[in-house]
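Before you read the points below, please open the structure and keep it beside you, so that each named residue can be found as it comes up.

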Amino acid sequence: MKYISTRDTSISYKSAEAMKQGLSKEGGLFVPENIVPFEAGELESLAGKPYRDAAFCVMKKYLTDFTDEELLDCIDSAYNEKRFAKPEITPLVPLNDSAYILELFHGPTCAFKDVALQILPKFLTYSIKKTGEDKTVVILVATSGDTGKAALEGFCDVEGTRIVVFYPDDGVSNMQKLQMVTQSGANVNVGAVKGNFDAAQGGVKKIFTDEEFAKVIAKRGFMLSSANSINWGRLLPQIVYYVYSYARLLSEGRVKTGDKINICVPTGNFGNILAAYYAMKMGVPVNRLICASNENNVLTDFIKTGIYDKNRTFFTTISPSMDILVSSNLERLLFDMSGKDEKLVSSYMKELNTVGRYEVSDSIKSQIADLFCAGFLDDKGTKATIRKVFEENGYMCDTHTGVAVGVYENYVNETGDKTPTVIASTASPYKFSKSVLEAFDMNLLEKDDFELLDMLKEKSGTPIPDALGLLKTKEIRFKDKINKEDMKAFVDAYLK
Ligand SMILES: *Cc1c(COP(=O)(O)O)cnc(C)c1O
């Protein structure tokens, strides 16, 4: 399987090279030359099989430059009971007669990014070997919360790698901060950057584009890389859980072979829902893909009108991982729907960069209309949904999942569609305890983070994940607070 760029299809690499590079040099995203369909009976044969089998079946179609042994090594070291709290890895929990919650948050950081970031470091280590690279790869991350911790956990003590995470000192929650500054591992480093997320991200971008610095550290045997969500190695693992959930629905008799399902996804960068689209193209029967947004509803408008317009107010919401105005992975959908038209995709992305707006062709519009639905919920609606779902179904969801469930309910009310629906649940409610408890009008004044965990435990009757509860007892390892201008020096000193 070759990987081509969405902006230049003459660029063509094996998967190892595409994953090592992450982003193509002219700015495009790597995509497999084609989406490989399941063979007859292959999807059905996964019914009743463990997660590992679905992962192997999907991944071996795309990582053709990996041997079976290598691939199984990646899969087994990522998806096991030490790293995921549930043997199913991503359990499917019935909410009512037709909706199923796909819980993607049982990994070490309690957010769905673990599913990809637990395996990406393994993919990268093999990719480095396969491409003959002899340097130690240094992963640089600027994080607004969930990604940094998930990347730290994924790369912790992975041979041949180091990782440096920068977070904005006044831009992440206490809990998120605590998760990062207590990180274990001999190859990790964490710095708080004075300022907001833009300061941290701006600083990281500057280091990445500093050719002089690249040469300096190359002499010492290091190269920089990123664990960004546009890496194919992060997207591929996400296709697996949609395939796995269909196989589960089959084995539980909730659908029969060929029956269609809907998939509803709380969306930010468009990675998770794009993985559902690829699963459909491989052969998972899909009626509708429902794209759920918070008040930053640029995708809702896009799916309804075909016009992507980022010129709008940015809102800070209680579902912060979806506070995004430029959904990078949408580029891959446009590439596919345009029939791999690199020129058209390049022109849309250029317009996005210059005027912040583009309108897609009639052909793309009609393909989107045939498959996608979209809706959004503000914070008030999200909290009302969390409360209603708990009171009616006894299920406690986090704020991001709350957006998805609320958008799904609105969809059902508008359409009457009773197709079985898989709703992606992207974080543990404990990760956002304060906002979740606020949905129940509880008095939270002066409560610290651990008291909030206890309150949520009492309310929901579910256990506090160790990953969060045990933070209380962990030693704080990283206390550096640095100015934006000093980020490069910080990395430099770490690589001495
Ligand atoms: C990253 C994230 C999302 C958004 O996922 P995308 O792939 O960027 O669309 C949703 N919920 C949570 C909790 C996340 O961490």
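The points that follow take up a few strands, the ligand site, a loop residue and a helix in turn.

1. Please keep in mind throughout that this is a predicted model. The distances and areas quoted here are computed from that predicted model.

2. I would begin with strand S10, which spans residues 261–266. Six of its six residues are buried, so S10 is largely enclosed by the rest of the structure. When you look along S10, you should find Ile261, Ile263 and Val265 pointing one way, while Asn262, Cys264 and Pro266 point the other way, and both sets are buried.

3. What are the pairing partners of S10? One of them is strand S11, residues 286–293, which pairs with S10 in the parallel sense over five bridges. Within this pairing, valine 265 has cysteine 291 of S11 as its bridge partner, and proline 266 stands opposite alanine 292. To get from S10 to S11 the chain passes through helix H12, residues 271–282, and this β-α-β crossover is right-handed. Another partner is strand S15, residues 421–425, which also runs parallel to S10 and is joined to it by three bridges; here isoleucine 263 stands opposite valine 422.

4. Strand S11 deserves a paragraph of its own. Six of its eight residues are buried, so S11, too, is largely enclosed by the rest of the structure. Besides its pairing with S10, S11 is joined by five bridges to strand S14, residues 372–376, and these two strands run parallel. Cysteine 291, which is the bridge partner of valine 265, has alanine 374 as its bridge partner in S14.

5. Turning to the ligand, 15 residues lie around it, and Lys113, Gly268, Asn269, Asn272 and Thr426 come nearest. The residues of this shell divide into five nonpolar, eight polar and two charged. Which atoms approach the ligand's oxygen and nitrogen atoms? A polar side-chain atom of lysine 113 lies 2.4 Å from an oxygen atom of the ligand, and a backbone N or O atom of phenylalanine 270 lies 3.1 Å from an oxygen atom of the ligand. Threonine 426 places a polar side-chain atom 2.8 Å from a nitrogen atom of the ligand. On its own the ligand has 380 Å² of accessible area, and the protein covers 96% of this.

6. Is serine 338 buried or exposed? This residue sits in the loop between helix H14 (330–337) and helix H15 (342–354). Its relative accessibility is 18%, and because buried means under 20%, serine 338 counts as buried. A polar atom of its side chain lies 3.0 Å from the backbone oxygen of phenylalanine 335.

7. Finally, I would look at helix H6, residues 120–130, where eight of the 11 residues are buried, so that the helix is largely enclosed by the rest of the structure. The buried residues are Leu120, Pro121, Phe123, Leu124, Thr125, Tyr126, Ser127 and Ile128. When you think about which way side chains point in a helix, it helps to recall that an α-helix has 3.6 residues a turn, so residues three or four places apart point the same way. Just after H6, glycine 132 takes a positive phi of about 75 degrees.

Notes:
Residues numbered from 1 in each chain as written. Predicted model: local features only at pLDDT ≥ 70, side-chain atom pairs only at ≥ 80, totals over all residues. Heavy atoms only, no water. Buried < 20%, exposed > 50% of the residue type's maximum accessible area, 1.4 Å probe, protein only. Helix = DSSP H or I, 4+ residues; strand = E, 2+ residues; numbered from the N terminus. Pairing = 2+ DSSP bridges. Right-handed = clockwise from strand over helix to strand, strands pointing away. Near = heavy atom within 4 Å. Polar contact = N/O pair within 3.5 Å; in protein donor to acceptor, adjacent residues only side chain to side chain. Areas by Shrake-Rupley, 256 points an atom, 1.4 Å probe, with all protein chains shown as cover. Nonpolar A, V, L, I, M, F, W, Y, C, P; charged D, E, K, R; others polar.
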